[in-house]
Amino acid sequence: MIDPRRITLLNNCRDRSGPVIYWMSRDQRVRHNWALLFARKKGELLQQPLMVVFTLAPSFLNAPLRHYDFMLKGLQEVEGALRRLNIPFYLLQGEPEIELSRFARKMKAGVVVTDFSPLKISRKWKTTLGAQLTLPLYEVDAHNIVPCRIASGKQEYAARTFRPKIKSLLGEFLTGFPQLEPLDATTESLPVDWNGIRSSLKADHQVAPVDWLKPGEEAAAHCLESFLKNRLSTYAERRNDPNSGVLSNLSPYLHFGQISAQFIALQASESSVPDESRSAFLEELIVRRELSDNYCFYNDRYDSLDGCPTWAKESLIKHAADHRDYIYSQKEFEEGATHERLWNSAQLELVTTGKIHGYMRMYWAKKILEWSESAEQAFETAIALNDRYALDGRDPNGYTGIAWSIGGVHDRPWFERPVYGKIRYMNASGCARKFDVNRYIARFEEIPDFEF
Ligand SMILES: Cc1cc2nc3c(=O)[nH]c(=O)nc-3n(C[C@H](O)[C@H](O)[C@H](O)COP(=O)(O)OP(=O)(O)OC[C@H]3O[C@@H](n4cnc5c(N)ncnc54)[C@H](O)[C@@H]3O)c2cc1C
């Protein structure tokens, strides 16, 4: 059963006779996907064929090759999995709202279904498309366990205000998934020319794909399996140690929708690990992750300091003219050329692996605040570097994580100090108390220079 509270009709049109199109966007998977399940059901009820479409924008928030590579390999697997279910898959290139509208007309579609994202770019596409279509545009929240609009009707102040709301709804939404039934007949779609698509990309080739994390639904499932079997049991105790390798590494898969958070939560809930580790992991996966969607959905200034709470902005303004011991440009940060080996190692981890350990991510962003000319500049630098190099970048979690570190979002005022004002402070000796800092540095200093 698909809970109707997952579904929002984005325009005022009624179902028409004609094929059902699922415009796959944020949730790029075949398994455990409420939007695809809803589209399949609609097709069955209306006795119409179903087709899945992905629109490849010429440039998506300046994503480099590393990201396109991860995404396209995942989509290639989606195409194959859909073919086995007799569901045709189309990949369109161009501005999504224009291409989709053209495609719907060409196919004489009756219904368009898409998935949910709180990001401005995606909401703009949907608003334009919804206004152009003379058929319904349904949005299904297939990313959040508790649909974002249902979890809360407003921007939440902190995890402590959001947690009780989401927990009270988990019993209703954290359910198993129905099977996605194959279609009887095939509507032919030509196979996608993946090589042609790759060579037409205008993405920045300097940020190369990584080879330590394989993209796609299958790889995501293996990653989850290995985490549950080998690492979840010590998550509570070791997750703040970047040398422990205990984290799940699921964020790139979650970002591209190659795995369902709901499926992960169900599997983790059933695993026989100590309660403390299970709860710590589910707190991050459910409360913190869905709080990020809440922040971006209800605050359209999520990607700048402007969106941060008044107490934080006032305090940063008060300390704007404070003396800074070091000031670095975005380029110096990017090259990991600060005076501090620990920070440079975190930046090298980001550049070479496409991910920074969760604990170091906070430290990384806070030092950008401390060593930038202004808090606004720091915010911009952190977003630019995170989005350029992190495989899970351009995500509500990234914007919210940076807003938490630099702008006090979901945090409270701390003791006032230079530059930071009342923003929570972190330093290298705090890191040294938590883990072997030299071991972390050694891992990344051995890496040969990256060509910038
Ligand atoms: C400055 C800064 C930038 C960040 N940028 C991103 C980003 O671009 N993309 C991204 O997905 N996350 C980001 N985070 C949040 C968090 O650091 C990552 O989600 C986590 O490190 C991903 O690694 P993992 O999947 O191995 O984590 P695990 O610890 O195994 O966590 C499992 C999942 O829980 C969720 N999660 C964990 N920590 C957080 C958190 N603090 N907030 C929200 N959700 C969380 C993620 O979906 C993660 O994949 C950022 C945090 C900070 C402080």
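Trainee: At what angle do helix 16 and helix 18 pack in this model?

Mentor: The model is a predicted one, and in it helix 18 covers residues 396-407. The axes of helix 16 and helix 18 are 9 Å apart, and the angle at which the two helices pack is about 50°.

Trainee: Which term describes how helix 16 and helix 18 lie to each other, and what is the hand of their crossing?

Mentor: An angle from 35 to 65 degrees is outside both the roughly parallel and the roughly perpendicular range, and the angle here is about 50°. Helix 16 and helix 18 are therefore oblique to each other, and their crossing is right-handed.

Trainee: How many residues of each class make up the contact of helix 16 with helix 18?

Mentor: From helix 16 the contact takes M362, A365, K366 and L369, and from helix 18 it takes W404, S405 and I406. Sorted by class, these residues are 5 nonpolar, 1 polar and 1 charged.

Trainee: At roughly what angle do the axes of helix 16 and helix 17 cross, and which term does that make apt for helix 16?

Mentor: Helix 16 spans residues 358-370 and helix 17 spans residues 375-389; their axes come within 8 Å and cross at roughly 140°. Only angles over 145 degrees count as roughly antiparallel, so the term for helix 16 with respect to helix 17 is oblique.

Trainee: Which residues of helix 17 make the contact with helix 16?

Mentor: The crossing of these two helices is right-handed. On the side of helix 16 the contact is made by R361, W364, I368 and L369, and on the side of helix 17 by A375, A378, T381, A382, L385 and N386.

Trainee: Which residues of helix 16 are met by helix 15, and is the crossing left-handed or right-handed?

Mentor: Helix 15, residues 341-353, packs with helix 16 at about 115°, with the axes 10 Å apart. L342, W343, A346, Q347 and L350 in helix 15 meet M360, Y363, W364, K367 and I368 in helix 16, and the contact has 8 nonpolar, 1 polar and 1 charged residues. The crossing is left-handed.

Trainee: Which residues are closest to the ligand, and which one has a polar backbone atom 2.9 Å from a nitrogen atom of the ligand?

Mentor: The ligand is surrounded by 27 residues, the closest being Y235, S248, N249, N386 and D392. A polar side-chain atom of S248 lies 2.6 Å from a ligand oxygen atom, while a side-chain N or O atom of E284 is 3.1 Å from a ligand nitrogen atom. The polar backbone atom at 2.9 Å from a nitrogen atom of the ligand belongs to D392.

How values were computed. Residues are numbered from 1 along each chain as its sequence is written. This is a predicted model: local features need pLDDT of at least 70, side-chain atom pairs count only at pLDDT 80 or more; totals for chains, interfaces and linings use all residues. Side-chain values use heavy atoms; hydrogens and water are left out. Axes are lines fitted to C-alpha atoms, for helices over the stretch in contact, and angles run from 0 to 180 degrees between N-to-C directions. Helices (H or I, at least four residues) and strands (E, at least two) are DSSP runs, numbered from the N terminus. Angles under 35 degrees count as roughly parallel, over 145 as roughly antiparallel, 65 to 115 as roughly perpendicular and the rest as oblique. A crossing is left-handed if the near helix is turned anticlockwise from the far one by less than a right angle, and right-handed if clockwise. Contact means heavy atoms within 4.5 Å. A residue is near a molecule or strand if one of its heavy atoms lies within 4 Å of it. A polar contact is a pair of N or O atoms within 3.5 Å; within protein, one must be able to donate a hydrogen and the other to accept it, and residues adjacent in sequence count only if both atoms are side-chain atoms. Ala, Val, Leu, Ile, Met, Phe, Trp, Tyr, Cys and Pro count as nonpolar, Asp, Glu, Lys and Arg as charged, and the others, Gly among them, as polar.
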